[in-house]
Amino acid sequence: MKHVTVLLNEAIAYLNIKKDGIYIDATLGGAGHSNLILKKLESGFLYAFDQDLAAIKIASEKLSKYQNKKIIHANFINITQELEKFNIKEVDGILLDLGMSSFQIDDKKRGFSYLVDTNLDMRMNQNNNLTASDIVNNYKLDDLTKIFYEYGEEKNSYKIAREIIKKRPILSTKMLVDICDKINYNRKGHSAKKIFQALRIEVNDEINVLKEALKKALDILKPGGRIVVITFHSLEDKIVKHFFKDNAIIKMPKNMPIIKNIIPKLKFITKKPIYPTEEEIINNSRSKSAKMRVAQKN
Ligand SMILES: C[S@@+](CC[C@H](N)C(=O)[O-])C[C@H]1O[C@@H](n2cnc3c(N)ncnc32)[C@H](O)[C@@H]1O
């Protein structure tokens, strides 16, 4: 159940920690990154967010010896409002290590894994209402097809959505996996992998949350402050890549006279993503799909 932190040293090196700086770990999880940030801080302070109470509990124990931190149970989309409660308007660096902690995936009751037969839940914040079961059992054919296609990049989205509707009520992860097995019988990877990814993204509204959070992160960064983002699938990576590009490159309409001294909001620190080393992937197979991008506020 232990979470092994991905790109630990690389992410912290790119954050460029100042001993007296204020830092945000937006995805506390098992606190691997937070722990290393705190080791590097002296008079500085860390605000760490997680929307999952299991993560808050595990991380609070791990970081108990540090006084210069505040652990916040909240969605990182609310970063600005949460920091305002502590009168913080600007920070020196922000880390987002997206996705899930291993203890969430491995917790049999949470329904994130297609390898375990349990309830269709998939909520990262268990105080939220919408579950995977609500989606699978209530969404219309078009809506189910759309989320499977857009969030799972599943080419058999329509067939799987139609089969789900035929077999309703879908009462367990196993019933959903059986449907995926039937439709994706000749798939090389797991037949339900893409469908589970799509449902998790929809349950937790991950795409909208990421887009909004990136804007807020840019607003609260001090000039010279860095934003480090680790993603685990191409949809998330595309959002980060475009956000950095849109804010690092000033696009002028053709034929417009070139105006000097317009400074973009961001500059790239990494032009290409950083990947885990082969050694890291051998030691932690869950790091395999990770990509890290870094930008700095001008
Ligand atoms: C990959 S883990 C982070 C692991 C952490 N960096 C470490 O070193 O252990 C991602 C964590 O982010 C949390 N999370 C994901 N989306 C979130 C959101 N929108 N708001 C707050 N926490 C979120 C998850 O609950 C999970 O615990």
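This text walks through the aromatic pairs of the structure and then its ligand site. The model is predicted.

Start with the rings. Two aromatic rings pair when their centres lie within 6.5 Å. By this rule there are four aromatic pairs. One of them joins tyrosine 47 and phenylalanine 86, with ring centres 5.5 Å apart and planes at 45°. Planes under 30 degrees apart would count as stacked, and over 60 as edge-to-face. The angle of 45° falls into neither class, so this pair is tilted.

Now place the two residues in the fold. Tyrosine 47 belongs to strand β2, residues 45-50. Phenylalanine 86 sits in the loop between α4 (79-84) and β4 (91-97). The two residues are 39 apart in sequence, so their pair ties together separate parts of the chain. Their surroundings can be read from accessibility, where buried means under 20% relative accessible area. Tyrosine 47 has 7%, so tyrosine 47 is buried. Phenylalanine 86 has 32% and is partly exposed. Both residues also belong to one aromatic cluster, together with Phe45.

Move on to another pair, tyrosine 114 and phenylalanine 196. Here the ring centres are 5.7 Å apart. The planes stand at 90°, so the pair is edge-to-face. This pair, too, links distant parts of the chain. Tyrosine 114 lies in the loop between α5 (102-106) and α6 (132-138). Phenylalanine 196 lies in helix α10, residues 193-203. The two are 82 residues apart. Tyrosine 114 is partly exposed, at 25% relative accessible area. Phenylalanine 196 has a relative accessibility of 3%, so phenylalanine 196 counts as buried.

Turn to the ligand. There are 25 residues around the ligand. Thr5, Asp50, Asp97, Ser101 and Gln104 come nearest. Two of these five can be followed down to atom distances. In threonine 5, a side-chain N or O atom is 2.7 Å from an oxygen atom of the ligand. In serine 101, a side-chain N or O atom is likewise 2.7 Å from a ligand oxygen. Phenylalanine 76 takes part through its backbone: an N or O atom there lies 2.9 Å from a nitrogen atom of the ligand.

How much of the ligand's accessible area does the protein cover? On its own, the ligand has 610 Å² of accessible area, and the protein covers 98% of this. The cavity search adds one more point: the space taken by the ligand is the largest cavity.

Note on methods. Residues numbered from 1 in each chain as written. Predicted model: local features only at pLDDT ≥ 70, side-chain atom pairs only at ≥ 80, totals over all residues. Heavy atoms only, no water. Phe/Tyr/Trp six-rings, centres within 6.5 Å; stacked < 30°, edge-to-face > 60°. Helix = DSSP H or I, 4+ residues; strand = E, 2+ residues; numbered from the N terminus. Buried < 20%, exposed > 50% of the residue type's maximum accessible area, 1.4 Å probe, protein only. Near = heavy atom within 4 Å. Polar contact = N/O pair within 3.5 Å; in protein donor to acceptor, adjacent residues only side chain to side chain. Areas by Shrake-Rupley, 256 points an atom, 1.4 Å probe, with all protein chains shown as cover. 1 Å grid on protein atoms, 1.4 Å probe; cavity = no way out; pocket = protein on both sides within 12 Å on 5 of 7 lines; lining within 4 Å. Sits in = over half its atoms within 2 Å of the grid points.
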